[in-house]
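Please walk through this structure with the model open beside the text. Begin with the sheets and finish at the ligand.

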Amino acid sequence: MLEIQNLTVNYGGLRALSDISFSVKKGQFVAVVGANGAGKSTLFKALSGTVKPASGAIRFDGQDLLRVPPHERAHLGIAHVPEGRRVFASLSVLENIEMGAYSRRGRAHFKQTLDAIYAMFPILAERRDQLAGTLSGGQQQMLAIGRGLAASPQLLLLDEPSLGLAPVVVDEIFDRVGQIHREHGLTILLVEQRAGEALDACDHGVVLESGRIVRSGPRSSLMADGGALRSAYIGV
Ligand code: ATP
């Protein structure tokens, strides 16, 4: 579904991503893990169109994504749950979810999707009329994921959902994401600094270190590989 081929991104003289290639197949849950500065955010910026790669290709369903203007990419079925959640604090939970359904696909399926989101995150149903800014950090993260799901995406991009959350809340978020993947067969690409939790939840992992892929493979092989976890946490 998503193919990244020999992608290189520079910021001036600094190489943030160096010739990286991997793919996300339909129905797969792929986690890209790495330490601070490994290049995770840069990868998502290239996918969303906010940085322009120096070379390489990104294909989504066979289409050349780099030729699609950034604002059109949401209509292709890619939903991006941003780092730091960025919920609309002065809107209610329901209004936030509705904001996620602006894409053509989202609008067409909204009624069923909303029921599914409430079933996945019952707290959002309970608090549907509460202002998003008054939710806890974990609940805001669930809302941000719910808002992404409201677009009825084919591919869900999750940017560092653990940011600023307590370990027990992070575990709950990853459990839910794993459940959404299993029960709905949703294709997910996650970038995350908390490598242990992310690799545990995914079915295929990619370890980035200083802009290069140093390991990749199925969850079981990466979890058994102490070196992979070390480079994901520490980098160089
Ligand atoms: P973090 O988890 O801290 O967000 P990351 O893995 O997402 O880290 P990136 O933000 O992609 O890493 O950064 C990769 C490299 O590119 C780093 O060395 C960073 O300092 C550099 N970088 C990122 N954005 C810019 C920018 N706008 N201008 C110059 N250098 C940048």
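What follows takes the two sheets in turn, then the helices, then the ligand.

This is a predicted model, in which local features need pLDDT of at least 70, side-chain atom pairs count only at pLDDT 80 or more, and totals for chains, interfaces and linings use all residues. Residues are numbered from 1 along each chain as its sequence is written, and side-chain values use heavy atoms, with hydrogens and water left out.

Some terms come up throughout. Helices (H or I, at least four residues) and strands (E, at least two) are DSSP runs, numbered from the N terminus. Two strands pair if DSSP finds at least two bridges between them. Strands of a sheet pair through backbone hydrogen bonds, either parallel or antiparallel.

Take the four-stranded sheet. This sheet is open, has the order 2-1-4-5 and pairs antiparallel. Strand 2 and strand 5 (63–64) are its edges, each pairing on one side only. Strand 1 covers residues 2–11 and is joined to strand 2 by seven antiparallel bridges. Here Tyr11 faces Leu14 of strand 2. Strand 1 also runs antiparallel to strand 4, with five bridges between them. Gln5 has Ala57 in strand 4 as its bridge partner.

Move on to strand 5. Two bridges connect strand 4 with strand 5, again antiparallel. Arg59 stands opposite Asp64 in strand 5. The two strands form a hairpin with two residues between them. In the turn, Asp61 has a positive phi of about 50°.

Now turn to the other sheet. Six strands make up this open sheet, in the order 6-7-8-3-9-10, and the pairing is mixed. Its edges are strand 6 (78–81) and strand 10 (212–218), each of which pairs on one side only. On average, neighbouring strands of this sheet are turned by 15° against each other, direction ignored. Strand 3 (residues 29–33) and strand 8 (residues 187–192) run parallel, joined by five bridges. Val30 has Leu189 in strand 8 as its bridge partner.

Helices lie across both sheets. Their angles run from 0 to 180 degrees between N-to-C directions, with axes as lines fitted to C-alpha atoms, for helices over the stretch in contact. Contact means heavy atoms within 4.5 Å. Helix 1 lies across strand 1, strand 2 and strand 4 (55–60), at about 110° to strand 1. Helix 7 (residues 137–149) lies across strand 6 and strand 7 (155–159), at about 165° to strand 6. Helix 8 (residues 167–184) crosses strand 3, strand 7 and strand 8, running at about 155° to strand 8.

Which elements supply the shell around the ligand? Strand 2 (14–24) and helix 1 (40–48) each give at least two residues. Helix 1 provides the largest share, three residues. The ligand has 13 residues around it, and Asn36, Gly37, Lys40, Ser41 and Thr42 come nearest; a residue is near if one of its heavy atoms lies within 4 Å. By class, five are nonpolar, six polar and two charged.

Polar contacts (pairs of N or O atoms within 3.5 Å) complete the picture. A backbone N or O atom of Ala38 lies 3.0 Å from a ligand oxygen atom. For Gly39, a backbone N or O atom is 2.9 Å from a ligand oxygen. Lys40 uses its side chain: an N or O atom there is 2.8 Å from an oxygen atom of the ligand. On its own, the ligand has 630 Å² of accessible area, and the protein covers 61% of that. Accessible areas come from the Shrake-Rupley method with a 1.4 Å probe.

How values were computed. A polar contact is a pair of N or O atoms within 3.5 Å; within protein, one must be able to donate a hydrogen and the other to accept it, and residues adjacent in sequence count only if both atoms are side-chain atoms. Ala, Val, Leu, Ile, Met, Phe, Trp, Tyr, Cys and Pro count as nonpolar, Asp, Glu, Lys and Arg as charged, and the others, Gly among them, as polar.
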